[in-house]
Amino acid sequence: MPGVEKIRADFEDLLPAMANKLGGEGLINELCNGFQLLMDKDRGVITMESLRRNSSFLGLQDLSDDELTSMVKEGDLDGDGALNQMEFCVLMFRLSPELMQESRFWLEEAFEEELKSDGL
C-alpha cells in the first residue's frame, strides 16, 4: 500500500514529537481535530471522497486515488468502506511504531493508577 507507506514515513517522526509536546490527552485532541477536518460532514466518517477533498490539510494532496483508497482500506476495521473516529485514531497510532509503544506504556500506567485508586 504505497499511500500508507508514504504517510507512515512522514508520521513515524511527527506523532511521537507531537505526543511529547502535547502529552497524551493533547495528542488525542489533535487527532480528533484532524478527523474533523477530513470527515464527510454529512456522514460523520472519513470517506474516500472526503479524504480526497480534504487531503491538502495534511499535505497529502499529491497522493493518487489508489494511495488514498489504500489508506482507507488499511484503517477500515469494520469493513464499511469509511473511517470512523476510532478507526482513524487507531490508524494514526499504527502508522507510528514508536508512538504505539508509548501508548501501551500510557495504558499500563493508567490501568495501574485505576487499580491503586480502587485499593487493589
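Q: Which residues does alanine 82 touch, not counting residues up to four places away in sequence?
A: Start with the contact list, then ask where the partners sit. This model is predicted. In it, alanine 82 touches Arg43, Val45, Ile46 and Thr47. Val72, Asp76 and Glu87 are on the list too.

Q: Where does alanine 82 lie?
A: Place a residue by its element before reading its surroundings. Alanine 82 lies in the loop between helix 3 and helix 4.

Q: Is alanine 82 buried or exposed?
A: Compare the relative accessible area with the cut-off, since buried means under 20%. Alanine 82 has 0% relative accessibility, so it counts as buried.

Q: How many residues along the chain separate alanine 82 and leucine 51, and what is their C-alpha separation?
A: Read the two separations together. Along the chain, alanine 82 and leucine 51 are 31 residues apart. Their C-alpha atoms are separated by 9.9 Å.

Q: Where is threonine 47, and what does it touch?
A: Look at a contact from its other end. Threonine 47 lies in the loop between helix 1 and helix 2. Leaving out residues up to four places away in sequence, threonine 47 touches Asp40 and Ala82. Threonine 47 has a relative accessible area of 3%, so it is buried.

Q: Is aspartate 80 buried, exposed or partly exposed?
A: Use the cut-offs again: partly exposed runs between under 20% and over 50%. Aspartate 80 has a relative accessible area of 44%, so it is partly exposed. Aspartate 80 is found in the loop between helix 3 and helix 4. Its C-alpha atom and that of threonine 47 are separated by 9.8 Å, with their positions 33 residues apart along the chain.

Q: Which residues of the largest nonpolar core touch the most other members?
A: Rank core members by their links to one another. This core has 20 residues. Leu31, Ile46, Leu51, Leu68, Met71, Phe88 and Met92 touch the most other members. Helix 1 (2-38), helix 2 (48-54), helix 3 (65-75) and helix 4 (85-94) each give two or more residues to this core. Helix 4 supplies the largest share, 5 residues.

Q: What is phenylalanine 88 in contact with, leaving aside its neighbours within four places in sequence?
A: Take one core member and trace its partners. Phenylalanine 88 is in contact with Leu31, Gly34, Phe35 and Leu38. Ile46 and Leu83 complete its list.

Q: How do I read the crossing of helix 3 and helix 4?
A: Check the axis distance, then the angle. The two axes come within 9 Å and cross at roughly 105°. Angles of 65 to 115 degrees count as roughly perpendicular. Helix 3 and helix 4 are therefore roughly perpendicular to each other.

Q: Which residues meet where helix 3 and helix 4 are in contact?
A: List each side, then sort by class. Helix 3 brings Met71, Glu74 and Gly75. Helix 4 brings Glu87, Leu91 and Arg94. The classes are 2 nonpolar, 1 polar and 3 charged residues.

Q: How many helices and strands are there in the protein?
A: End with the totals. The protein has 5 helices and 0 strands. Along the sequence, the pattern is α-α-α-α-α. Buried residues make up 40% of its 120 residues. Among contacts with a separation of 6 or more, 49% join residues 24 or more positions apart. The accessible surface is about 7,200 Å², and carbon and sulfur atoms hold 52% of it.

Methods:
Residues are numbered from 1 along each chain as its sequence is written. This is a predicted model: local features need pLDDT of at least 70, side-chain atom pairs count only at pLDDT 80 or more; totals for chains, interfaces and linings use all residues. Side-chain values use heavy atoms; hydrogens and water are left out. A nonpolar core is a set of buried Ala, Val, Leu, Ile, Met, Phe, Trp, Tyr and Cys residues joined through side-chain atoms within 4.5 Å. Buried means under 20% relative accessible area, exposed over 50%, partly exposed in between (1.4 Å probe, protein chains only). Helices (H or I, at least four residues) and strands (E, at least two) are DSSP runs, numbered from the N terminus. Contact means heavy atoms within 4.5 Å. Axes are lines fitted to C-alpha atoms, for helices over the stretch in contact, and angles run from 0 to 180 degrees between N-to-C directions. Angles under 35 degrees count as roughly parallel, over 145 as roughly antiparallel, 65 to 115 as roughly perpendicular and the rest as oblique. Ala, Val, Leu, Ile, Met, Phe, Trp, Tyr, Cys and Pro count as nonpolar, Asp, Glu, Lys and Arg as charged, and the others, Gly among them, as polar. Accessible areas come from the Shrake-Rupley method with a 1.4 Å probe; for residues, only the protein chains shown count as cover.
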